[in-house]
Amino acid sequence: MAADWVAPLAARLTAGEDVVLVTVAAIQGSAPRDAGTTMLVGASTTELTIGGGHLEWQATAHADRLLAGGGRPQVVLYALGAGLGQCCGGVVWLAYEKIPASEASTWAQRSAALAGGARLQRRLAAGDSASTWQTGAAACATALLGGPEDWHFVQDIASVAFPVWIFGAGHVARALVRQLLPLGAAITWIDTRDDAFAGCDTAGLDIRATDLAESEVAQAPAGTFFVVMTHSHALDFSLCEAIFRRRDFAYFGLIGSRSKRAGFERRFVDRGLDPARLGELTCPIGIPGIVGKEPAAIALAVAAELLSLHHARQLLHQAGRPRLSASPVRPDQPE
């Protein structure tokens with residue numbers, strides 16, 4: 001599951017604040033968030049979300065009591081019905097654990113390891129005084145097993161940022177960056193113009209201003225989502241040729257019309273590209289149904305397309321992970 005809570009946790013511990021992890025340990029039926037989703041509750045603020053509504057209000061209140069009084073980690077069952085003021089109709093089990101500020105240095109190391117591509121695995125069982133955390137563990141499914149007295153929770157944590165390389169820094173590209181950043185994209189943004197990024201907030205981005213944008217293509221990791229939208233058709237074509245030389249991308253999109261695509265395809269084939277590979281190029285880009293020409297509308301359609309493909313790849317990956325049990329038995333609410 002996503003590691004979006006690890007860096008904020010490390011920062012808050014470093015600031016001297018104890019934090020309660022509120023984690024969706026398991027769900028049954030309809031629920032607002034998936035297993036593994038984690039919220040941070042501190043004395044001053046609550047960060048991230050397990051789905052909002054009355055469930056989150058109750059979870060925050062319970063976490064506040066743990067902050068004030070302490071206690072062992074526990075798992076609590078919530079039925080998402082009328083009694084809770086929610087209409088999902090499913091069941092959620094939430095795991096609560098207080099992390100003291102004294103563990104700040106340990107969590108800073110874990111955060112750095114995750115940022116470097118490592119995995120983190122959490123194991124917690126009924127009666128434990130704290131979770132055990134292992135860096136570099138083999139991937140497995142996040143799961144809650146057992147019964148009310150002997151439950152066992154394992155949480156698989158890894159960075160799910162997906163690499164998006166955007167060529168061009170025009171209006172659509174700027175809007176696309178704003179759409180993708182909150183969604184976990186690791187963005188590399190490239191343009192050939194010296195002043196291309198003037199006025200842009202580039203925090204959290206890998207910015208590259210270069211005369212040889214085509215040479216950057218080879219530097220991208222396998223599984224990159226390439227988006228080509230420069231100010232020049234000639235540069236677009238050169239970038240497409242460079243991307244076609246790779247066979248390991250997750251997505252290859254070119255902004256433009258069907259006529260632009262047709263013209264490029266003829267030139268690709270004339271230069272020796274196997275016609276069977278033309279289908280690897282997406283042009284026009286973006287999900288169907290959004291027909292607006294405004295930069296924000298185009299960016300929204302493209303971001304939705306990239307995110308849907310990223311999620312599909314994640315689901316395929318998770319389907320191949322080993323399971324702890326074929327038929328988990330989840331605990332009732334502990335005393």
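In this predicted model, Phe 162 has Ala 185 of strand S11 as its bridge partner, and this pairing is a good place to begin reading the structure. Phe 162 belongs to strand S10, which covers residues 162-167, and S10 runs parallel to S11 with six bridges between the two strands. To pass from S10 to S11, the chain travels through helix H4, residues 171-180, and the β-α-β crossover made in this way is right-handed.

Strand S11, residues 185-191, also pairs with strand S12, residues 206-209, again in the parallel sense, this time over four bridges. Within that second pairing, Asp 191 has Ala 209 of S12 as its bridge partner. How much of S11 is covered? Six of the seven residues of this strand are buried, so that S11 can be described as mostly covered.

Further along the chain lies helix H7, which takes in residues 258-270 and therefore has 13 residues. From its first C-alpha to its last, H7 reaches 18 Å, which is close to the 18 Å expected at 1.5 Å a residue. Several of its residues are buried, namely Lys 260, Arg 261, Gly 263, Phe 264 and Phe 268. If one looks down the axis of H7, these buried residues fall within an arc of 165 degrees, and because of this they line one face of the helix. The face turned away from that buried side carries Arg 258, Ser 259, Arg 266 and Asp 270, which are exposed. Among the elements that cover the buried residues of H7 are helix H6, residues 233-244, and strand S14, residues 251-254. Just after H7, the residue Gly 272 adopts a positive phi of about 105 degrees.

The last topic is the cysteines. A disulfide is a covalent bond between the sulfur atoms of two cysteines, yet a search of the whole structure finds zero of them. Why does Cys 240 form no such bond? The closest cysteine sulfur to that of Cys 240 is the one in Cys 283, and because the distance is 7.8 Å, whereas a disulfide needs the two sulfur atoms to be within 2.5 Å, the pair is too far apart for a bond. Seen from the other side, Cys 283 is likewise in no disulfide, with the sulfur of Cys 240 as its nearest cysteine sulfur. Are these two cysteines buried or exposed? Cys 240 is buried, with a relative accessible area of 0%, and Cys 283, at 5% relative accessibility, counts as buried too.

Note on methods:
Residues are numbered from 1 along each chain as its sequence is written. This is a predicted model: local features need pLDDT of at least 70, side-chain atom pairs count only at pLDDT 80 or more; totals for chains, interfaces and linings use all residues. Side-chain values use heavy atoms; hydrogens and water are left out. Buried means under 20% relative accessible area, exposed over 50%, partly exposed in between (1.4 Å probe, protein chains only). The expected span of a helix is 1.5 Å times one less than its number of residues. The arc is that of the directions from the helix axis to the C-beta atoms. Contact means heavy atoms within 4.5 Å. Two strands pair if DSSP finds at least two bridges between them. A crossover is right-handed if, with the strands pointing away from the viewer, the path from the first strand over the helix to the second runs clockwise.
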